[in-house]
Structure formats: structure tokens, C-alpha cells
Amino acid sequence: MQAFEYIDAKTLSEAVALLDEKGDKARLLAGGTDLIVQAREGRRTLDWMIDIKSIPEVNELAYDSDTGLTLGAAVPCYQIYAVDAICKTYPGLVDATKIIGGTAIQGRAGVGGNLCNASPAADCIPPLIVLNSTCVIAGSNGEREIAVEDFCTGPGQTVLGKGEMLVSLKIPAPQKNSSSYYLRFIPRNEMDIAVVGAGASVVLDDAKQRIVSARIALGAVAPTPLFAEEASALLANKEISDDVIDEAAQAAQAIARPISDMRGTAEQRTHLVGVLTRRALNGAIQRVRDAA
Amino acid sequence: MPIVAIPALIRNLTDGEESVPVEGSTIREVINNLENQYPGTKDKLCDGDRIHPSIGVYINGVLTRVAMHDSVDSDAELHFLPAISGGGQGASYQF
Amino acid sequence: MSEKKEYKVIGTRPIRHDGVDKVTGRAIYGADFQITGLLHGRVLRSPHAHARIVSIDTSRAEAHPGVKGVVTAQDLPTAEDKMADLGEGAVNLKYLCDNIFASDKALYKGHAIAAVAATNPHIAEEACELIDVEYEVLPPVLEVRQAMEPDAPILHENLTTSSLGDTEDKPTNIASHLQHKKGDIDKGFDEAEVVIERDFVTGTVHQGYIEPHNATAHYNQDGQLTVWCSTQGAFTVREQLAEILQYPVSKIKVVPLEIGGGFGGKINVYIKPVAALLAKKTGKPVKVLMNRADVFEGTGPTPASYITIKIGAKKDGKITAAQTSLAFEAGAYPGSPVGAGAMCVFAPYNIENVLIDGYDVVVNKPKSAPYRAPGATNAAFGTETVVDELAEELNIDPLELRLMNGAKEGDRRPDGPVYPRIGFIETLEAAKEHPHYTSANGKKYHGRGIASGFWFNIGLESSVTINVNPDGTINLVEGSTDIGGTRASIAMQAAEVLGIPAESVNPTVVDTNSIGYTAVTGGSRTTYATGYAAYEAAQDVVKQMKARAAKLWEVDEDNVQFADGEFSSINGKEEQISFRDLSAKLSQTGGPVVGRATMNPAGAGGAFATHVVDVEVDVDTGKVEILRYTATQDAGKAIHPSYVEGQIQGGVVQGIGWALNEEYIYNDEGTMTNASFLDYRMPTCLDLPMIDAVIVEVPNPGHPYGVRGVGEVPIVPPPAAIANAIYDAIGIRMTELPMSPDRLLKAMGKI
Amino acid sequence: MARRSHVQTTINGETVEFLCEPRQSLLEVLRDELHLTGAKEGCNNGNCGACSVILDGRLVNSCLVLGVETEGKSVETIEGLAEPETLHPIQDAFLENAALQCGICTPGFIMSAKALLDNNPNPTEHEVRYWLAGNLCRCTGYDKIVRAVLDAAAAT
């Protein structure tokens, strides 16, 4: 592996100052399950690894039924799904945290790192998008917030500027009669990268027969995870039916612009967008209906 | 008398015979007598005075690492089949 | 061997002798070896699949701080040196050496070019980046049919097709052609009332052992070379090192450490000669380890193949003719397992008229290496799928069709030899009676498939020494590296002879200086042949100890008998002494007893298996889930049933991986794009049900306890069985491996 | 060569100090610096589980942890599992069930199984398979491994 220096940053301001000073030869280390491999395999060159796990703000995991969830950027997956309230409130996100890597990966990897790694196939990003999440970004000029769907700009690329870092994610408290679902297609049952991923959230009416609103997001079918805006809008104020869901699935397929690679072909991915969108929507609807 | 099964690719040398009885009490004798009966066969089976490295000798159906001087029972059936390397590096490293 | 024998040790399930070391992390595998003054080596590999090497400049690497030596093909003895005494063998030796370091051409992405020894592995890796290699990139040939085209780019300018002594003049990628012919193929197809002919394609797959290749080498000042490594055969490593380095075997000691899986892939040497060259250059011990990408890109996979199968039968089910053409990718150098594929392709069936053609074809991929029943799985995928289709066409149960045509003792295999007692029919009957086969199978998109397989097994050389201890235990010394519990299965055979518990045997695998020649752990031979040697060595102990008892009792040796662990006098005196008690008296009766045996047994006997699998197909995604799996297999006699089951279960799961997802995926430039355990998708435990292993015992007449090798045949039936189950589920015949989700979606017309 | 850092950590209950470069993984430190070679390198990128250890009570791939990150932390490896005279019940169960063939993946599986049973003492077969999916075994087909873990759960 390339040689680099390791710094254990203790505060946000220290980390931000280091990032500002070192520029793009510095990378933040949280779970390390992507970064260490990329550094080892020479896919990223870096001179500095700045460990942020000692910084209090990035370890925050706080849920409040009024204000929602604050999820620090370095919180590992296993801590997330260990909280019953989070499992109940944000099941779509929890779906993703339970399928990233295996158990040992989930002991280190977190949602924040998954987002910052900006893989088009990142499992956590579609559920974050459908849950209306916001990124809290710290920089030398202070804090800013941005919607998750605007965070990634290309494979491995984000909106983070020089000296900026993700501090946490804010996920609003869910509305009444709502739920979320995420699934991906992989050839094995674990340990694969998504060939296609699809997340959906729905808000239903009190009778649970009509969709009030919905959000659909897709992974691994474009250079960044996609918010399927038109497909989502199609569902607003519609009675639940196979036809309505098919229509949304077709609209989702229309925005997919996948590539062919060792994980799947473009045609396979486009086809799967339809299948997974249907399954994600039905899954989210079922969860609302199953809730007492 | 030992029976030699003739490999498919050299049956042109044995008038199409699939197997022929050949006198001999050692591998060498059998091969030399086969050569006398059907000229050209020895050259296909041997590399000089040894079995060709690309060929495996089966005596009564069993792959055997043989030398030319090894003895052969009078009721033996001999097959000369492609040496099975399994993808190993050369005939000397079978499995 | 017809009567059912009663055994005390054989057939029981003792704890394996090396078990505690392996569950506590104390067992020393190749990469775990430590020695003072160790340097670390790293290999630079070709980024191109096919390229002429114009120049290699190592000066910048040599100047890098911490670097102690750099080697290339220039450091191997030259081809001219070898040509002198090897004649025709020199061609193979040139291939052997060129696969260690490319000399004139790089023939696959990952082909070793140079290596560096440095004070730590990171520095060695950095230095590899500093080696300047100029390549003239050539178009790669990546598929067997493409390679056989007359205008295909040629890998080896000197390679011509050899066909049993005949060679063509024209350079080609077809290294050899072989043929088996039985009966009259035209007559056979004329007699047939139903004929099915299909083409099959199988992908390139890797053995996938979890432990990467490793080697540590050291040259003493007196020229003694010691190599510590994990390998399937220490003596094979010694032979290959001697040839590649042109160094006498007497000066090479190979110490086999624990091995983390092989499946055929740890027979050929790759980095062992590299470690030796670096050790020679630096005067220090050097450890070279591969990483996982090196393993995928630089070591032998088992080849992709293109197979045509044509089988004809009468309406009553009698198969009258079978014809095949098998084209196998050898990789960069000749030597695919097409010969084994040709031997096995129709071996389960007694067919009067057969024609088999096989082609060994070079392509720009790593040199192929053996992988568990090499060639047989590719071949069986074709045959067993066509037999299934034939059964459907004839409206005969597929198990019944196999029972009608299955090979038995006295039948002649298509390549000539006559079968001794074999157990194919018994595996079919066991499958037929199994509750799995008799259970309901009717759910939508669920399907059931069956398939059978054959592997011939081998004998070859094994040596065993037994030292009797005064407390009635024995130390058993062997040369077979233990990959899957063979210390136990060999020790148990000696224990059975001596009438002592398995726990009273201390088996040790030793280096090449410490035991007689022993061939590789492969070919399903170890429990059979080394076990046979242990049996004979134990018999030698019995013979010597009878003499001691005779001495003790002052009777003639002929008057001592040995049974159930007791020596007794059979004439005159009423004397009796146990093996244990007599062991304590050895020093008083003449000193230590050492039993020994060296064997090259000729009766390995063939192994047969029949598998039944239930699958569910997700018709929206093309994904296949394995719901239930039952494998019946003739083990001859199971010495340690748990490890026989383990071999069956492990082979089945490798076969499932091959069937569903495993393959080398290449881009147009010939780079494998999935050279990691992330994207080369081997099954995880979440992808599988329990695997029901049913052991059938038809004793092998070629072994005193009836043992047949069990390791390889279980990988043969799964791809065909799963293909047949997929057909049963969705009505589509899959003819390409792997049957991955995208291929299923395509076959269903969904994409 | 990059500067080596001093790290103090706890391994199998003992305080341990070592020097390492930042680029050295915990796996490299365990194997090359501390000669604890029970954790194995199968892939070095988190996909085989052969290097599994328990870090501050949580299962991790030691190839994906830097040695320097373990400052002040607690590491459990396969070497620390057995008592001086008795094996851990999981180790016993692996032996009784013949749940290993070549044994290279065994330390990783056992550590992974330990983390599972610490977390969920009575797992179902599916839970065992799900938890162990990050550990690859190429020899056994997993059948006997899953049975061993279920047996160990029943025994404890």
C-alpha cells in the first residue's frame, strides 16, 4: 500500500482545518471499508488519512419523534439497526444498513461513509433520498445543508469543496401512514454490490388505499444514485393498483441510463429497475398496511 | 497373447482394426512386435525407446506408470490413451 | 470384498488429529512461516493480455531504498542450457519457465514479468511500479472458437497441432487433437429413433481456495535450497524447481506447511521458483505472497470450453450412439484437461457406438490448472443435459433412462478400458429411493433436476513410515499434504490393522528429505493410495512384531498370529500379548520397530455420483435459488464418513457456484474485470441449503478396505442437475455456464 | 519508509505495545509484528472473512482496520479463545462436527460465530447463515459449519 500519514482528529474544527490545509491528498477515515481498500489498491492516492471517529458530532445518533433522526457521519451500520425506534421509523434505511457487506463490514461501515464514497451503487443513498434526508456539511466558512439527492455529482465525486466534510445526516420525522423500503438485486444473497438498487417511501391515506405521496430512488443505473422525480409524482393521489405501480415503474425505467460492466448488463439493469421499483413500492405499502 | 487396443487416430495403420493380439512378455516386446505387424505404429506410441510423454499406458484398464522393460501378462489388455494431465504442467506432473 | 466386513476404526468418526491446531489458530500455513532476516518479494505482472516484451529496465527499482534484489526471466537458466539434454521435453520446459517469467511475450494479463525482494512487502510493491517495461501490444485471443479460426492471432509461432505423433506444419493455436472411437458411429445413429444434438459453452472458473499461493525460500551457503510453502505435493514442487532452476533434487528440500485449499490449483508452481531466484540473488530468505488478484489473474483457472453433444436412442430408451467434440481452452500454454474430459464425457453409460474428438487450444488467459475432476464437469454439463432432454423426448423418467443405460462391471468405457466392479447403478438406486426424489415437486417456478457424473481416480506413488512407540501408540510419517482431513483417514487405516484406536496414531506430514517419494494430494488418491501405504506399513509392523512375540515366547514366528490388536501363539504355548504391551517390550526384544511401505497401487477404481436438486426461479430477475440438494455417491468404503460427506458437500457447492455465477469476465483487451472475491461470486452460506450427502458403499476390489477416492466426482453433476431443474421449473434449456441471472433473463426473452 | 507510530492496545486481555506504519492493517500488525498468525489473509479487501477479529466487542475484518486505529482499544483473536486446558465450546463444536477441511477459514468462522453467539445466543439456521455470509469457505459447502454453530449455541 502507498505510504501515508495518519491523524486522529479530535474536533470538527481540527478536521476541517486539516482538510483545508492538505487539500485533495487528505481523506477522511470513518469505517474505512471503502477507503482502506481504495488506498491499498491504488485507486485513490492520498498522503493523509484523517480519522474522524474521535469527533463527537460525527458519532451522534439521536432520534426524536418530532424532529426526526440525526445520524452522525461516522456511525457504523450495526449501531443504527440496534435502535428499535429507528428500525420502526425508517425501515427503508435499515434495510440498506443490514445488507451492506457482511456482519463484519457492518461493524465499521456507516451510512455517512457510504454516501461520501459516492458509488452509484451505494445501498444507503436511495433510502436516504426517499426519506428526504439532508446532509449537514462543515467547512472553513461554516456549516451548510444540502439535500441528499444533490450530494453526489459523479462516481466517487461529491459537492464537498476544499476543506469541507459531512458531519451528519438529518432525516425528518415520518408522516402519518408512511413507510419506506429498499431492496437491491444481487446474484448472490449477500456480499455483492447492487446490480440495481431501488428505494421507495410512501404516504398513504387513512384507509391505506390511496397513495398521498411517494418518493422513488434508484441506484446503479446512472453515474449517481437518482431521485425518480416523475415516477414519484405519478403516484401522488392515486388509488393503489398494479397498474399505477407499473406506470411508476415504467417511468423509473425511463430515467435509467445504466452501463454494462462485470456486475450486470445495461439491458438487465433497465429491466430490473422496473422489477425492483414495483417490489420497493409494494414493500413500502405493505409496511404501512402491516403497521398497527 | 496380450491384446493391444489401437488408438483411434492410428487405426489407419492397422487396416482399421480396433484391437489386435500381439506377442510379447514386456512392453518393449509388444510394441516391437506391433511395429513388425503394422509398420509405423511404434513411431506414434514412442519417443525413441520410451513411451511418448503425451501417452498414458493402461494395463487391464488401469493407468500404470510403465517403463519399456516392464513385464506384461499373456492375458493383458493394453490401451495407449492420451496422458491425462488435468492441466498440470507437462506429463510428468500428472495430478 | 463381497462380504460385509466389521471394522473397529474404519467407518467411525474420530476427531481429526490436526483439528485442535486448526481451531486454535496455531497451525502454521505457508504464509504464517517466519524466519530471521526475512525479505519480502512481490511480482510485477503484465497489464496486457498479449504483448511482445521489447525491454525491461529494472534500474530504478534496484535503486529504491529497501530493495535488495530484482529478478526477471534473464535470471532463469536459458532455454539453450536445457535444450542440450532434454530434446523434445525442452519445448515443455520452455513453456514451464515462460509461465514463471515471460521471456519474449506476455501471454495473459497477469503474466509474471519481474519480481523484487525488499525489506517489507510495501517497499517491494512500490519498487514494482519502478520497473520500466516496454511492450508491443498484440491483439488477444480470448475464446476457444475464435482461437481455432484459421486467421486468429497466433500465441506461439512454433506451435503446430500434434495428433498422436503426427504434427501439422502450419502454426496454430490448436495444440493437440485426440480421438476415441468405438463401434460404428454412423450405424449407431441410423439405429436411433430419437437423436438430440446440442451445443454447450462453459465459462472460465477458478478453484477459489481461500489461501493465496505463498513461498519462502532460502539458499544456504553450501547451496542447499529450502522452500517452505503450501502445496498439494512437496515432491512435485521439488521436481518442478529442479527442472526450472536446473538444480539437482538432492540440493532441494521442500517443506510443506499447512495448505489452505487447493482443488488442483496448488500443483503447478508459480512463485516458488521466484522466491528461490530472489533468495539466490539476495543471499537472504525471501517470502513471496500472492494477493487475491494475483491468484485470479496469475494462476490456473479451469478452462472455458465449447462442446457439442449428439446422442441417439431407440424408443425403448436404449442409447445406440453418442458423439462429441470437446474444445478446451488451455490458457497461454498447451495442456488443458481435455483428455480427462474426453475420458469422462460418456463414461457413465454403456454405449456401443461412440466417437469423441478433443481439442487443446491456447488462448490469452492464464495457463489452465487442474480443478477437481478436471474437464469432467464441462463434459457432464453437455452429456447430462442431453440425456435429460432424451428422457423427456422418450417419455421415460430420467433416472430410469440412466438405469437402463448405466455402466456396470465388465462394460467397456468409450475410450477402451473395461470397468471393474463399480457403483454407478447403486448411486442411481439410492437417488431413486431417497425421500427427496419421491417427494412432491409441483409448485410454480419450482423445478427438480438430476444428473450423474464419473471420475476415474488415480493411484500413483505413496510412502508411509510407522514408528512404534513404547506406550503402544505409533508415529505415522507420510508425504501427502493434508487438505481435507487425510491425516485422519490415513491414520485410521493403520489403526485398523494394528487394532488400536485412531487416537493412538500420531500422523505427521513431512518434508521431501524425510519420506519416500509421494505423489500429489490430487486425483482423489490420498485416502486410497497413501491409505493403502499406511495399511501395508502397518502390516510390516505386524510382521516384525510377530517376530518379537515369537522371540519373547521362544516359538517359531509362524506360530504367532495377530488379530484384534492381540498377538497370540497358535501352536503349543498358550501365550497372548496386546499390541500395546508388546510395544513396551521392543527394547528388550531387539530395539525399535519401524514399518514402512511404498506403493503405486493400480486399482483406484472409478467414482460415480448421482445428484438431485430442487430450484426456484425468480422469473422477474432470473435468479435461481437452490431449495434442496441430495448427492448420492459410491465411496467404496467410507473410512471417516464425516470427511467423505464433507468432500461431497464441498464439491457440490463448488459445482453450484460454477453453475450459477462463477466465471472470469473479460473486457475486449483481455483484462479480467472481476478479479476479486467481491465480483467473482463464490457461494456464501446464505446461498445454500444443507447438502444431503448419501454415501453408497460398493467396495473397490483394488483396495484392502474397499476405498475409492471421493474428492472429485461430487463437482461433476451439479451444473447439469441445476440446468435440468431450471428446465423443469420454467421450460427453458440453458446451454451456457454460468446460468447467471442475466443469461436466464435473456433466455426467457425478458431482455 | 514512513514513520512508525507507537500503539498501545489490549489483545486477548493483555496490554500490548507495538510500532507500525500507518499503512499497516491490523491484520498485518497481528501477523507480521506480533506473530499472531491465526487471523488469515484471504482477500485483503473485506470479502472473505478469514481475518475476522473482534474489536471492542464488535466483529470486524482486520484487513480493513489500520493498526494505528487500535490505540486504546481491545482486540480479541482466535489465539485468545481457548482456556489453557479446554477449548471454547465453538471450537469443540467445529471439531465434533468435522466443520473444517483445509482449516484456513476456520479461525475467521470461529470468531464470527463467537460474535454471533455473544449477540444472539439462540440463532435460527437462517440467522446463522446470514451472520456468517461474510466468511467464505471453499471446502465444506458450509453444511457442517452451520451445524457446528447451531450445536455450539445449544451447548452454551
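This is a short tour of a predicted model, stop by stop, with something to select at each one.

Before you start, residues are numbered from 1 along each chain as its sequence is written, and chains are lettered from A in the order in which they are written. Because the model is predicted, local features need pLDDT of at least 70 and side-chain atom pairs count only at pLDDT 80 or more, while totals for chains, interfaces and linings use all residues; side-chain values use heavy atoms, with hydrogens and water left out.

**Stop 1: chain C**

Select chain C and turn it around. Its C-alpha trace spans about 85 × 75 × 50 Å along the principal axes. You'll find 21 helices and 28 strands; these are DSSP runs numbered from the N terminus, with helices being H or I of at least four residues and strands E of at least two. The radius of gyration of chain C is 27 Å, close to the 27 Å that the globule rule gives for 751 residues, so chain C is as compact as a globular protein of that length. (That radius is taken over C-alpha atoms, and the rule is 2.2 Å times the number of residues to the power 0.38.) Of the 751 residues in chain C, 69% are buried, where buried means under 20% relative accessible area, exposed means over 50%, and partly exposed is in between, using a 1.4 Å probe and protein chains only.

**Stop 2: how the chains meet**

Now show all the chains. Four pairs of chains touch, and chains C and D have the most contacts among them; a contact means heavy atoms within 4.5 Å. Chains A and B do not touch, and their nearest C-alpha atoms are 27 Å apart. Chains B and D have no contact either, with their closest C-alpha atoms 18 Å apart.

For a look at chains C and D together, select C:Ser642, which is in helix 19 (residues 641-660) of chain C. Is this residue buried or exposed? C:Ser642 counts as buried, at 7% relative accessibility. Beyond its neighbours within four places in sequence, C:Ser642 is in contact with C:Arg13, D:Ala98 and D:Lys144.

**Stop 3: the cores**

Next, color the nonpolar residues. A nonpolar core is a set of buried Ala, Val, Leu, Ile, Met, Phe, Trp, Tyr and Cys residues joined through side-chain atoms within 4.5 Å. The largest one has 198 residues, and those with the most contacts inside it include C:Phe101, C:Ile726 and D:Phe94. Helix 12 (residues 376-394) of chain C gives the most to this core, with nine residues. Zoom in on C:Ile726: setting aside neighbours within four places in sequence, its contacts include C:Val615, C:Val624, C:Met739 and C:Leu744. A second, separate core of 89 residues includes A:Leu12, A:Ala74, A:Val148 and D:Leu27.

**Stop 4: helix 10 of chain A**

Select residues 242-255 of chain A, which form helix 10. Its buried residues are A:Val244, A:Ile245, A:Ala248, A:Ala249, A:Ala251 and A:Ala252. Look down the axis: they fall within an arc of 160°, so they line one face of the helix. (The arc is that of the directions from the helix axis to the C-beta atoms.) The face turned away carries exposed A:Asp242, A:Asp243, A:Gln250 and A:Ala254. Among what covers the buried residues is helix 11 (266-290) of chain A.

**Stop 5: a loop in chain B**

Finish with B:Ile51, in the loop between helix 2 (41-45) and strand 3 (55-59) of chain B. B:Ile51 is buried, with a relative accessible area of 12%. Outside its neighbours within four places in sequence, B:Ile51 has contacts that include B:Ile27, B:Val66 and B:Phe80.

Methods
Expected span 1.5 Å × (residues − 1).
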